[in-house]
Amino acid sequence: MRPVSYSRVTDVATAIATVAADPTSAYLAGGTTKIDMLRIYAEPSQRLVDINALPIDHIEVQPDGAVRIGGLARMNDVALAPVVVDRFPVLSEALLLGASAQLRNMASMGGNMLQRVRCSYFRDAEASCNKREPGTGCGALSGVNRGHAVLGTSPHCIATHPSDAAVALVALDAMIHVQNSAGHHAVAIDDFFLLPGDTPEREHPLNHGDLITAIEVPALPAARNSLYLKVRDRESYEFALASAACALTVEDGVIAEVRLALGGVATKPWRARKAEHVLRGAPATRETFARAAAAEMADAVPQPMNAFKIELAQRTMIRALETLTARGAAS
Amino acid sequence: MTTAIGRPLDRVDGHAKVTGAGRYSAEIALPGLAHAVLVTSRIPSGRVELIDTYDAERAEGVLAVLHHLNLPKGGSVPPLLPSLFGAAASGQTFFPMQDEVIHYAGQHLAMVVAETLDQAEHAARLVRITYQETASITTVEQGRERAYEAEKIFAGFIPGRITRGDAAAALDRAQVTVENSYYCAANHHNPIECSATTAVWEGDRLTLYDATQGPNATLHTVAELLNVMPSHIRVVTNYVGGSFGCKAMIWDHPALAALAARAVHRPVRLALSREQMFSSVGHREEQEQRLTLGADRDGRLTAIRHHKLSPTSHFDDWAEPSLGVASQMYACPNYEGVYNLIKANTMTPTFTRCPGEASGMFVMETAMDELAERLDLDPLELRLRNYAETEPMTGHPWSSKGLRDCYRRGAELARWSERDPRPGTVRDGNWLLGWGMASSGYPVTPPGNPQRARARIFADGSAVVQSSFSDIGTGSATAMTQVAADGLGVPLERMRIQYGDSDLPNTAAAVGSAGAGMVSAAVHIAATALRDQLIAQAVADEHSPLHGTDPRQVAVSDGRMALRDRPGTGETYAELLQRAFMADAEALGTWNPPGMDTPYGTMTFGAQFAQVAVDPDLGLCRVRQLIGVFDPGRVLNRKTAHSQLMGGMLWGMSHALLEGTIMGPDGRWANASLGEYLVPVNADAPDVVVETIETTDTVVNPLGVKGVGEVGMVGTAAAIANAIWHATGRRHHRLPITIESLM
């Protein structure tokens, strides 16, 4: 492992000042990705600033029904918080279907938003990768790409965004709260995740030293009837080949409110707006669901090993919508 | 007389393992210990044009950077010989860092030695190698045109072509034929403990702490590689964190650790990284098999033609013997088996749990299921109609065979008779349910050399039995304690087993499911020899209550010798020894195994049943239940034997549904990590039912132990694939069976 220095801070202002002052530094939260990345030389930081003692790990209900999740709240704590389980089951499920219990106890929500892709060419420090080293090419395009994206890809990068939680949060229109030396601002989560385009190295609009202090999930009554469906090779501790975060209300057989986002198939947590457009106001039938799913995947671009994901993503969306429709009818 | 053998005794090393007190080979703390890290080839074929070590040599803590230009040359590479023979057992006939030629990606090109592991890892990243790359072949698909029929495989022990009768003519005449091609992805072993060696020189004497299945295999191999006298090497293997075949043969890293230690004049630890485990200790080769079954309308097999095609290294003609057990499972007069090979840019493949049996029986048992379907016969009935009463290749009798009982009991547990034979008829919500079965078998192979153990009793009546074998996590040390206690006639708590050290009496490597059988033979013989020696001493001792009695009438229990018909007449070992002013007594036991030409078929048999649930929309397959019934001969410890069989069955499930190492277009393994190479997690584990049918076997070894290490995996993949067919109506001929093939 490359030599790194380490320090620990206890307040937000010092944390930001410390990291902002040194371009070779980085925040260290749960460390469940960062340390791995350092060990495999896919991460250049030379100085780690441990922020685990910062008081930004609370889960708070706002007067308007929104839930504010501290940037350092741990995945398991959020997943098991009663307010999350009751009002946003999709988020609770997405968290619990991610990683392993041990990792969820360590990993922070802010870190989850910033986790790096699992693409083996990105993680191999000597392979070509435009995300790790802009201009070197994309090893995955001609390589082993079964797990790669079919939506939101570019000729420069096809790496799949790995987060489950972020998919649920994209469906829920969450806001990412950011603090830096200039002050505080919030970014809509769908704008927080960037498509690779010509700049796959740029994954989000944060500048060096910006700190995610909270994730705010606005109130959404429809989210009480929501779920996260994750399809993967094994039952646990594995990334999605396709997943769907979905919230749905049906009135008189017609879809009233719907939120749908996809994981495992896109270069960012993918809000399925085309599908939502087809669904909203349409009869809650399998035919509608299939049409919506097909519309969402119409522009998908397969790679040699992952064409099945286009079909799998549609079936995943249909299953999620059918399950929620059946649940809604039963309640 | 048996009191300890068979009992579900807890592991004697369990406490040390779970508390961390047990020191594995990469945890040996020694003063002045330095750390070696390997630098490996990025390319699969070519040469090292330039190796630039300038920065690495100047990095903090670096003691040496060794490579083909400065590594002291050693002795010669011994031939490929399975470590069951007890001699040198090189994993491949190639030793790295001797010239600039690159034969495969991951080949060891340099070694950095530094004060700490972190320093060595960092400096290894600073070694810059310029390559001259040449064209490569790394897959079956790329090498198909260059395939050749092997003269011999498996270190020369198995001919490349095996026949009985006339398969071609019989297939022409067959009333029914089933013919298919099958594909199995490459596999890697992935034990939790990566291979590691800690090397210490004291003058010209070498001690190696090595994670190995055979301390003596390491000793002899390193002796030849380094041209050091075997008497000057000691190999210690305190604990091994699993192996599954990757520590069965001896690869280059123990010798490299010794060379590094010699170069820096300090003890050196060389631990492979997880990624390096994919290209340093062999693998189960990618393979294609083509199987044709011919049968009459009653389902009696008339012909089997079974061809295999797989890549091997440039140095060795190796293929796992996928045809073996499949050729011995059923009575069939005509047979043709052929191994075809491709010279490829990979290392030599090696033993991987059920080497050949798992892949070959996946093919055979899937085909049998298809044949049953074609004939409208129950799959179990088809197998019974082809039951091999004698070993089909030789006509020899079986040393023991409980397969009929395994089928019967397995079918009972699986409620097989209630199964609707039509596929796709049982639904549970989004899941289609299916039941499948397969036969299982694993050969019982004797070691090639005499097996030894020493039993020693002290004047207080406590005893120790010593033998060099290593316990690779199977529980063999626990089982041997039981065998030793019973043989000598002392309570378990007074018996200690000492093992994992080449200075102890010689045994072959614990490989091929043979460890329990061969070591128990030596331990039993040593313990009973000591018992008989002490009885003889008592009978000859005029102060003993047993003086002048018939030694054959003396039995020992709880450390006390007594007449069988007058238990009141006798004395303890302790009394006998103390009276004679003897601090201890000891005896050596040697077991001379039967030769390979013993006129018996020897195999552990079993029957496997699987219940699966398949969600065909989402391509998901969940195994709900596995049932395995086996006939392993005598069971030494019910708990550890059960665990071995269950572990094998879970390996079989993993083989069926998850495991596959993918060769990238750049000629490197593309998923060389536990994040990308999937093995089951607890959430994948089904209900696993394991039962054993105890059979008496007087041929294989003194205690009649046939072995449980691998047979649990044989047939599992086919039982699952057959259950998937029963659930969905679709056949699967490729492993692993993944989501995209189930959708």
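Guide: A nonpolar core is a set of buried Ala, Val, Leu, Ile, Met, Phe, Trp, Tyr and Cys residues joined through C-beta atoms within 7 Å. Please keep in mind, as we go through it, that the model above is predicted.

Visitor: Which helix gives the most residues to the largest nonpolar core?

Guide: The largest nonpolar core has 332 residues, and those with the most contacts inside it include Val90(A) and Cys246(A) from chain A as well as Val112(B) and Ile720(B) from chain B. The element that gives the most to this core, with 14 residues, is helix 13 (residues 515-540) of chain B.

Visitor: How many residues are in the other core that lies apart from it?

Guide: Among the residues of this other core are Ala150(B) and Ile153(B), together with Leu341(B) and Ala344(B). It lies apart from the core just described, and its number of residues is twelve.

Visitor: Which residues does Ile720(B) touch, if those up to four places away in sequence are not counted?

Guide: Ile720(B) is one of the residues with the most contacts inside the largest nonpolar core. Leaving aside residues up to four places away in sequence, its contacts are Gly436(B), Ala610(B), Val612(B), Val623(B), Met653(B), Ala656(B) and Leu657(B).

Visitor: How many of the residues of helix 6 of chain B are buried?

Guide: Helix 6 of chain B covers residues 215-226, and its reach of 16 Å from first C-alpha to last is close to the 16 Å expected at 1.5 Å a residue. A residue counts as buried if 20 or more other C-beta atoms lie within 10 Å of its own, and the residues of this helix that are buried include Pro215(B), His220(B), Glu224(B) and Leu226(B). What covers them includes strand 13 (205-210), strand 14 (233-236) and helix 7 (253-264) of chain B. The helix is mostly covered, and the number buried is twelve of its twelve residues.

Visitor: Which residue follows helix 6 of chain B with a positive phi?

Guide: The helix itself ends at residue 226. The residue that follows helix 6 of chain B has a phi that is positive, near 55°, and that residue is Asn227(B).

Visitor: Which residue takes a positive phi in the hairpin of strand 21 and strand 22 of chain B?

Guide: Strand 21 (residues 451-458) of chain B has six of its eight residues buried, and eight bridges join it to strand 27 (residues 584-591), which runs antiparallel to it. Strand 21 also pairs with strand 22 (residues 463-466) in the antiparallel sense over four bridges, and there Ile457(B) has Ala463(B) as its bridge partner. This hairpin has four residues between the strands, and the one that takes a positive phi, near 95°, is Gly461(B).

Visitor: Why is one side of strand 9 of chain A left without a neighbour in the sheet?

Guide: Four strands of chain A form an open sheet with antiparallel pairing, in the order 9-10-11-12. Six bridges join strand 9 to strand 10 (residues 242-251), where Tyr228(A) stands opposite Ala245(A). One side of strand 9 (226-231) is left without a neighbour because this strand stands at an edge of the sheet, as strand 12 (270-271) does, with a single partner strand.

Visitor: Which helix gives the most to the side of chain A that touches chain B?

Guide: Between the two chains, 23 residues of chain A are in contact with 25 residues of chain B. By class, the side of chain A that touches chain B has nine nonpolar, five polar and nine charged residues. The element that gives the most to this side, with six residues, is helix 13 (residues 308-330) of chain A.

Definitions and conventions:
Residues are numbered from 1 along each chain as its sequence is written. Chains are lettered from A and ligands numbered from 1 in the order in which they are written. This is a predicted model: local features need pLDDT of at least 70, side-chain atom pairs count only at pLDDT 80 or more; totals for chains, interfaces and linings use all residues. Helices (H or I, at least four residues) and strands (E, at least two) are DSSP runs, numbered from the N terminus. The expected span of a helix is 1.5 Å times one less than its number of residues. Two residues are in contact if their C-beta atoms, placed from the backbone, lie within 7 Å. Two strands pair if DSSP finds at least two bridges between them. Ala, Val, Leu, Ile, Met, Phe, Trp, Tyr, Cys and Pro count as nonpolar, Asp, Glu, Lys and Arg as charged, and the others, Gly among them, as polar.
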